[in-house]
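Thanks for sharing this one. Here are a few comments to read alongside the coordinates.

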Amino acid sequence: MTATTTTMKRVAVIGTGTMGRGIAQVAASAGATVYLYDQAPAALASAHAAITAALDKGVGLGKVTAEAREATLSRLHLESDLAAACQGADAVVEAIPEELALKQRVLAEVEGYVAPSTLLATNTSSLSIAAIAGPLARPERLLGMHFFNPVHIMKLVEVVTHAKVAAEAVARATAWASAMDKTAIVVTDSPGFASSRLGLVIGLEAMRMVEQGVASAGDIDTAMKLGYGHPMGPLELTDLVGLDVRLGIADYLTTTLGPAFTPPQVLRDLVAQGHLGKKSGRGFYRWVDGRRA
């Protein structure tokens with residue numbers, strides 16, 4: 001990797017889920033031409049509608065100008081061909097489901113489409129960055145860039161390093177995060193990194209308290225918001241992230257870090273019933289049209 005500029009003029013984002021579309025939005029808002037990739041046209045259309053709605057809401061709240069909205073959307077392109085999405089990219093961010101083999105396969109394919117100077121990043125919230133980088137021909141240019149949901153509001157990005165990563169890649173990623181109006185922290189590759197590991201401990205204990213009848217979900221969340229200054233309670237956050245996502249992370253951390261991360265039965269039961277949080281309309285709360293009922 002020989003490029004020295006920290007400016008990302010062209011970016012590819014792989015995956016149109018909540019995180020992918022959010023990353024695409026902030027990258028485009030920061031001035032990059034963004035190619036958002038998904039092989040399903042319906043998923044691309046849904047992501048574009050969600051980004052448009054988020055920008056419209058920002059305009060309505062006075063946080064985004066009408067001109068900035070139009071400029072952001074003009075820089076956003078939908079692409080169902082992976083090679084075309086990655087062509088000429090300064091950076092590629094992968095934001096697909098938390099499956100190690102899938103991430104390895106997709107990023108190995110991406111590597112064949114990009115220049116040697118292209119920065120590669122994975123948005124995984126818990127999987128080993130070293131393991132994801134393992135099959136790559138140039139593992140030194142891949143690192144973790146763990147954004148937080150909702151991406152256009154949350155200010156933190158975890159830049160996750162591993163033994164083979166190049167210092168230049170870390171510098172470029174942190175500078176790019178700053179250009180997107182984010183604060184980057186640099187953490188070493190470890191199960192759950194810093195934020196997921198800490199956040200999950202609180203979330204799992206909150207679930208156990210619900211399970212044991214200590215207090216209602218609403219009262220537990222209120223305790224953390226008013227007593228500890230959290231902007232959102234751990235159970236509402238779980239609904240926003242997705243109960244299935246939280247369960248997958250908890251299972252992974254249980255195998256890597258030990259029984260402190262064992263998922264409570266209430267979490268397993270809700271996921272088994274299809275109650276995945278905001279995206280399904282029910283989790284620890286009920287959701288209607290994207291709002292708590």
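The points below cover confidence, a β-α-β unit and one helix.

1. Please keep in mind that this is a predicted model. The protein chain averages a pLDDT of 95, and 98% of the residues score at least 70. Residues 1-5 need a caveat, since their pLDDT is below 50. This stretch still has 17 contacts in the model beyond near neighbours in sequence. Where pLDDT is low, the predicted coordinates should not be read in detail.

2. A good place to look is the pair formed by strand β7 (residues 156-161) and strand β8 (residues 183-188), which run in the parallel sense over six bridges. To find the register, start from L156, whose bridge partner in β8 is T183. Helix α7 (residues 167-179) joins β7 and β8 in a right-handed β-α-β unit.

3. How far apart are the end C-alpha atoms of helix α9 (residues 217-228)? The distance is 16 Å. That agrees with expectation, because 12 residues at 1.5 Å a residue should span 16 Å.

4. Which residues of α9 are buried? They are A217, I220, D221 and M224. Seen down the axis of α9, these buried residues fall within an arc of 100°, so they line one face of the helix. Their cover includes α8 (195-211) and α10 (234-241).

5. Turn to the other side of α9 and you will find D219, L226 and G227 exposed. Just after the helix α9, G229 takes a positive phi of about 75°.

Terms used: Residues numbered from 1 in each chain as written. Predicted model: local features only at pLDDT ≥ 70, side-chain atom pairs only at ≥ 80, totals over all residues. Heavy atoms only, no water. pLDDT = per-residue confidence, 0-100. Contact = heavy atoms within 4.5 Å. Pairing = 2+ DSSP bridges. Helix = DSSP H or I, 4+ residues; strand = E, 2+ residues; numbered from the N terminus. Right-handed = clockwise from strand over helix to strand, strands pointing away. Expected span 1.5 Å × (residues − 1). Buried < 20%, exposed > 50% of the residue type's maximum accessible area, 1.4 Å probe, protein only. Arc of directions from axis to C-beta.
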